[in-house]
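Notebook open, model loaded. I want to go through the loops, the helix packing, the rings and the symmetry.

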2 protein chains.
Amino acid sequence: MRRMDKVDLQLIKILSQNSRLTYRELAEMLGTTRQRVARKVDKLKKLGIIRKFTIIPNLEKLNYMYAILLIKVKATENIYQVAKVLKDHEDVKILELGVGKYNIIAHVLVPKDIKKAQEKVNDVIKEINGIEDLEVEFVSDIPKFELL
Amino acid sequence: MRRMDKVDLQLIKILSQNSRLTYRELAEMLGTTRQRVARKVDKLKKLGIIRKFTIIPNLEKLNYMYAILLIKVKATENIYQVAKVLKDHEDVKILELGVGKYNIIAHVLVPKDIKKAQEKVNDVIKEINGIEDLEVEFVSDIPKFELL
């Protein structure tokens with residue numbers, strides 16, 4: 001990866017606060033030209049530094065919530081194999097591999113209704129083999145959600 | 001909250017895949033007019049259903065990672081008070097209140113360097129009172145990151 005300059009970092013910060021700004025608006029904020037901003041955004045996408053332009057939704061207002069699975073995989077199992085199964089599950093939205101008590105932390109999108117949520121969680125769990133330890137957290141509130 | 005219609009839901013889905021699409025592009029995809037799309041996006045923002053337009057960055061390429069704090073607050077403590085302190089900390093990016101073994105799940109943005117990461121985590125922990133149980137997970141990889 002080529003080294004990023006200061007303007008790249010500023011651009012990433014600004015876009016993380018509002019990804020709908022036009023090239024013209026971004027250029028004004030950064031004191032540069034539209035063309036240069038367009039090229040930079042393109043570069044950041046190509047390099048994979050920007051993975052996606054997205055929205056942060058209020059899940060509760062859409063009648064959803066997250067269930068977080070904290071998974072410790074058995075020492076005899078391949079963590080990446082377990083992660084692969086979870087990654088391919090459409091309701092698993094955020095999948096993180098971790099160093100610590102648990103190896104895998106998975107955010108699963110489930111209905112706000114706790115009974116339906118439990119069913120959905122069971123659906124996901126029964127697809128995974130080799131679990132040594134598992135904790136399920138139902139997220140009741142998300143007071144802060146930023147990415148950078 | 002007023003009931004959302006099918007087009008609102010489609011709009012949310014599309015924007016979560018690409019939040020930079022113009023009103024014109026969105027209108028074409030949804031078979032409606034630019035004006036109607038603009039009004040809908042405005043409404044979804046006002047109702048707080050869209051919390052933010054943002055980007056998902058590749059943290060690793062920016063030399064950062066997440067540390068996840070799994071916190072069980074003492075029964076005698078006020079969870080919301082603890083959450084408030086964490087929310088106000090600028091390095092705490094995602095703050096979730098949970099029902100389960102842990103009450104609070106916090107994603108902290110830390111340098112990729114494990115020694116500096118540990119220091120940053122300690123900075124955050126020492127500000128919180130009333131912890132009964134704490135696990136720290138360092139996120140080594142994020143194979144999937146979607147929000148909806």
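I take helices (H or I, at least four residues) and strands (E, at least two) as DSSP runs, numbered from the N terminus. This is a predicted model, so I noted the rules: local features need pLDDT of at least 70, side-chain atom pairs count only at pLDDT 80 or more, and totals for chains, interfaces and linings use all residues. Residues are numbered from 1 along each chain as its sequence is written, chains are lettered from A and ligands numbered from 1 in the order in which they are written, and side-chain values use heavy atoms, with hydrogens and water left out.

**Loop check.** I looked up the loop between strand E1 (50-57) and strand E2 (64-73) of chain A, and Asn63(A) is in it. Asn63(A) has a positive phi of about 70° without being a glycine. Most residues other than glycine have a negative phi. In chain B, Asn63(B) is in the loop between E1 (50-57) and E2 (64-73), and its phi is also positive, near 70°.

**Helix packing.** At what angle do H2 and H3 of chain A pack? I got about 105° for H2 (residues 23-30) and H3 (residues 34-46) of chain A, with the axes 8 Å apart. That makes H2(A) roughly perpendicular to H3(A) (65 to 115 degrees; under 35 would be roughly parallel, over 145 roughly antiparallel, the rest oblique). Axes here are lines fitted to C-alpha atoms over the stretch in contact, and angles run from 0 to 180 degrees between N-to-C directions. For contacts (heavy atoms within 4.5 Å), I listed Tyr23(A), Arg24(A), Leu26(A), Ala27(A) and Leu30(A) on the H2(A) side, against Arg34(A), Val37(A), Ala38(A) and Val41(A) on H3(A). In chain B, H2 and H3 also pack at about 105°, axes 8 Å apart.

**Rings and charges.** I counted zero aromatic pairs over all chains (Phe, Tyr or six-membered Trp ring centres within 6.5 Å; planes under 30 degrees apart are stacked, over 60 edge-to-face, the rest tilted). Next, charges over rings (NZ of Lys or CZ of Arg within 6 Å of the ring centre and within 35 degrees of the ring normal). Arg20(A) sits over the face of Phe53(B), 5.7 Å from the ring centre, and Arg20(B) does so over Phe53(A), at 5.7 Å.

**Symmetry.** I laid chain B on chain A (least squares on C-alpha atoms of residues with pLDDT of at least 70 in both): RMSD 0.0 Å, a turn of 180° and a shift of 0.0 Å along the axis. That is the relation of a two-fold axis. The copies meet through the same surface, because 100% of the interface residues of chain B are also interface residues in chain A.
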